[in-house]
Amino acid sequence: MHLQLPLVATLQVDVVLVLVTVVALWTRLSQLSYPNAVVFDEVYYGQFVSLYMKQVFFIDDSGPPLGHMILSLGAYLGGFNGNYAWNQIGAEYPNNVSVWSLRCLPAVCGALCVPLVYLLTLELRFCHLSALGTALLVLLENSLIVQSRFMLLESVLIFFVLLAFFSYLRFHNRPNSTRICWLLLSGASCSAAVGVKYTGVFSYLLLLTIASVHTWNVIGDRKVSHFSVCVQCVCRVVCLLVLPVLLYVFWFYVHLSLLNRSGPHDQLMSPAFQAGLQGGLSRITQGQPLEVAYGSQVTLRSSASQPIPCWLHSHKANYPVRYENGRGSSHQQQVTCYPFKDINNWWIVKDPGRQELVVSGPPQPVRHGDVIQLVHGMTSRFLNSHDVAAPMSPHAQEVSGYIDFNISMAPQNLWQVDISNRRAESDSWKTILSQIRLVHVNTSAILQLSGMSLPDWGFRQLEVVAEKHFKASGDSLKWTVEEHRYGISQEQKDREAELHSPTDIPVDRNISFWIKFVELQWKMLTVKQEYSEHKYSSTPLEWLTMDTNIAYWLHTSSNAQIHLIGNPVSWCLANLGLLAYQLLAVVYLVRRRRGFKDLPDDVWDRFVCLGCVCVAGWFVNFVPFFLMEKTVFLYHYLPALCCLHVLGPALVEHMHTHLLSASLRRVSCVCVWSALLLVFLSYRTFCPLTYGIPELSANQLQRLKWKESWDILLRRH
C-alpha cells in the first residue's frame with residue numbers, strides 16, 4: 001500500500017450560516033453593558049445570583065435551578081461576589097460589578113438562536129433560501145433582541161428548545177453511525193429546557209410525541225430486522241426519557257451541593273432539611289438529643305408550609321367567654337400556632353404515669369403508639385381538647401391549655417403519638433426526622449393547624465384545632481420536633497431558666513440527597529405565591545396582535561428608554577403564516593379524504609412535519625397560558641413566536657413550488673423581498689426602543705406609538 005502525497009482535506013463552509021451568526025452576535029452583544037442599570041426582571045433574577053455567589057439556599061417556584069446556575073456562571077466569570085442589593089429597577093450598577101458578564105450568557109444564547117433556526121429549517125428539508133428567510137426574521141425581531149440582552153432566561157429557554165428539535169431532526173434524517181450523538185444531544189437539550197423553566201416541558205412533550213410516532217413507524221417497517229428495531233427503541237427510550245430525567249436530577253444535585261448555607265427560604269422546608277444547612281436551624285439544633293424521651297423539652301413545628309410555617313404555642317391569655325357570633329367557649333388558656341421563635345413555644349413530654357417532668361436515667365424514649373401528655377413549659381398547662389367548638393372552625397374541637405375552674409369539666413389531656421413516617425411499629429420518636437400526628441385519646445380527633453387567623457383577642461396568631469380523623473388530611477396534621485432538650489429541673493423557675501440551656505449530645509442528622517430532592521421538588525410545585533396584577537401584565541390574546549408592550553428601562557433624566565416590543569411587520573407575517581397553514585391543511589385534508597392527492601407523498605410528509613414542529617410548537621407554547629393562574633407577560637409568547645418565524649418562510653417555499661404558476665412565482669418573489677425589506681425597515685425604526693440609543697425627542701417617541709394600547713413613556717423638557 002502506497003501513501004499518495006500530498007494529503008488533501010476538504011472543508012465545506014456554509015458562508016450564509018457564518019454571516020448570519022456573526023451578525024446575530026453583533027446585534028445581541030454590542031454595547032451590552034448599556035444601560036448600566038438594573039433592567040426590569042434583572043431585579044428578580046439578580047437576587048438569586050447573589051444568593052448563589054454566597055452559597056445561600058433559596059427556592060424559586062417559577063422554575064428549576066439550571067437557569068439560575070447559568071446566570072450565576074456568567075456572574076462568577078465576571079468576578080461578581082454577590083454583594084449588591086437588587087432592590088430597585090433602574091438603580092445604577094456600581095463600578096465593581098461587571099454588567100457585561102452578567103448579561104453575556106443570555107445574549108450568546110439569543111444570538112445562537114439565529115443559526116439554529118437556519119439549521120432547523122434545513123432539517124425540515126426546505127431550501128437554503130427559506131432557511132435564510134427564517135434566520136432574518138429571528139435576527140431582526142426586536143423583542144427577541146431585547147430579551148436576549150439582559151440577565152433574563154427566555155433566550156436561554158428558546159436556545160435549548162431549538163437545539164433539542166434541531167438535534168432530533170438531524171438524528172432522524174441522518175441514518176449513519178454518528179446519529180446517536182444527535183439523539184443524546186436532543187435528550188440533554190430537552191432536560192436543559194425543562195431545567196431552565198417549567199414551561200419548557202411543553203416543548204419536551206411535543207418532541208416526545210413526534211419521536212413516538214417515528215418509533216412506531218420504525219416498528220412497523222418490515223425491512224428493518226427485529227434486532228435493529230429493539231436497539232432503536234432502547235436508544236430512544238434511554239436518550240429521550242432516561243437521560244433527561246437523570247440530568248434533571250443532576251441540576252438539583254449541583255444546586256443543593258452549591259447552596260449549603262441557611263437562607264431566607266429555610267422556613268418553607270422541613271426541620272430535617274434545614275438541619276443540613278450551615279447556620280440557621282443547624283446551628284440551633286447542634287448537639288441536641290436524637291430520641292424524644294419522657295421529660296424532654298421540645299418545640300413542635302407544623303409540617304404545613306401554608307399559610308406560614310409556625311410552632312405550637314400557648315400564652316397566659318384565655319379564650320373569650322363568648323365569641324363575636326354569640327357562641328360560647330371553654331374560657332381556658334389559648335393554644336395557637338406562632339410563626340416566630342419564642343419561649344412560649346416550648347412543651348414538656350410527660351409520662352401520664354409519673355409526676356416528674358424530668359428525664360429519667362437512662363432516658364425512656366417515646367415510641368409509636370405511646371400515650372403522652374404535653375405540658376406547656378412556661379405556664380405548666382396541659383395540652384387539652386374536649387367537645388367544645390373551635391373559635392374559627394366550629395366543625396372542629398377547641399384545643400386549650402387546661403385550667404380547672406371547678407365546673408365539672410374534667411381534663412382530657414391524653415394524646416397518642418402516631419409516627420407517620422415510621423419504618424417499624426416500634427420506632428422511637430426522633431428529633432427533626434420523625435413526623436408525628438397527635439391523636440386525642442378521648443375523642444380520636446387529631447391535632448391540626450386549621451390555617452385560620454384568630455381575631456385581636458388571639459393576637460392574630462394561627463388557630464390550632466382537633467379535627468375528627470375521617471375529616472382530617474394533609475400536612476397540617478403533622479408535627480416535627482425542631483428544638484429538643486432533656487429536662488433536668490423539676491421546679492418551675494429552674495425549668496424556665498433551663499429552656500435557654502441546650503444539652504450537648506452530638507448526633508448526625510444528615511438526610512440523603514434523594515430525600516432533599518423530593519422535598520424541594522414538592523415545595524417548588526406546591527408552594528403558592530400571591531400573584532398580584534402587574535402594570536405590564538397581559539392576557540395571551542393580547543400577544544397575538546401585540547396590543548401590549550413592557551417598559552424595561554427609562555433613563556433618569558432623558559427620554560432614552562428600552563421596551564419589550566416586537567417587530568410589527570414580522571409579527572404580522574407570523575400570524576398570516578399561521579392562518580395560511582391552517583387553511584391549506586384543511587383544504588388538503590378534505591381533498592385527500594375525497595381521493596385527490598395534490599402533493600407527492602414526500603412533499604406531503606414534509607408539509608405535515610412542518611406543522612408538527614412549528615404549528616404544534618406554537619400551540620403548546622401558547623395555549624397553556626390560558627389555563628395558568630400566574631401573572632403572565634408578553635415575553636412568555638416568545639418561544640411560540642419563534643415557531644411561527646420558522647413556519648413562514650418554509651410555507652412560502654411550499655406555496656411557491658407546488659401551488660403557484662410560473663407567472664405568479666415571479667410576483668411571489670417580489671412580495672417576499674418586499675416583505676423582508678419592510679421587516680428590516682421596521683427593525684430599524686424601533687431600534688431606539690430596542691437598544692435605548694439614540695435618545696429620541698417626545699415627538700419622535702409619539703410617532704413610534706403605532707397602537708394606542710402601547711405605553712411609550714414621554715418626558716417633555
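1. How far apart should the ends of helix α8 be, given its 18 residues at 1.5 Å a residue, and how far apart are its end C-alpha atoms? In this predicted model, helix α8 covers residues 179-196 and should span 26 Å, and its end C-alpha atoms are indeed 26 Å apart, so the expected and computed spans agree.

2. Staying with this helix, a reader can follow which of its residues are covered: Arg 179, Leu 183 and Ser 186 are buried, as are Gly 187 and the run from Ser 189 through Cys 190, Ser 191, Ala 192, Ala 193, Val 194 and Gly 195 to Val 196. The buried residues of α8 pack against four helices, namely α3 (66-77), α7 (154-173), α9 (200-219) and α10 (226-258). As background for reading such a list, an α-helix has 3.6 residues a turn, so residues three or four places apart point the same way.

3. His 645 is a second place to look, and it belongs to helix α18, which runs over residues 638-658. His 645 has a relative accessible area of 1%, and because buried means under 20%, this residue counts as buried. If neighbours within four places in sequence are left aside, His 645 is in contact with Thr 134, Leu 137, Val 138 and Glu 141, and also with Ser 570 and Ala 574.

4. Leu 29 lies in helix α1, which comprises residues 15-29. Although Leu 29 and Ala 107 are 78 residues apart along the chain, their C-alpha atoms are separated by 6.2 Å. Ala 107 is also one of the contacts of Leu 29 once neighbours within four places in sequence are set aside, and the others are Trp 100, Cys 104, Val 108 and Arg 149.

5. For the protein as a whole, the model has 20 helices and 14 strands, and its C-alpha atoms fill a box of roughly 105 × 75 × 60 Å along the principal axes. The protein is divided into domain 1, made of residues 34-255 together with 536-704, and domain 2, made of residues 287-507. The centres of these two domains, taken over C-alpha atoms, are separated by 53 Å.

6. Of the 717 residues in the protein, 54% are buried. Among contacts with a separation of 6 or more, 75% are between residues 24 or more positions apart. The protein exposes about 32,700 Å², and carbon and sulfur atoms supply 61% of that area. Its side chains include 54 positive and 49 negative ones, with the centres of the two sets 8 Å apart.

How values were computed
Residues numbered from 1 in each chain as written. Predicted model: local features only at pLDDT ≥ 70, side-chain atom pairs only at ≥ 80, totals over all residues. Heavy atoms only, no water. Helix = DSSP H or I, 4+ residues; strand = E, 2+ residues; numbered from the N terminus. Buried < 20%, exposed > 50% of the residue type's maximum accessible area, 1.4 Å probe, protein only. Contact = heavy atoms within 4.5 Å. Areas by Shrake-Rupley, 256 points an atom, 1.4 Å probe, with all protein chains shown as cover. Lys, Arg positive; Asp, Glu negative; His and termini not counted. Charge placed at Lys NZ, Arg CZ, Asp CG, Glu CD. Domains from an automatic or database assignment. Expected span 1.5 Å × (residues − 1).
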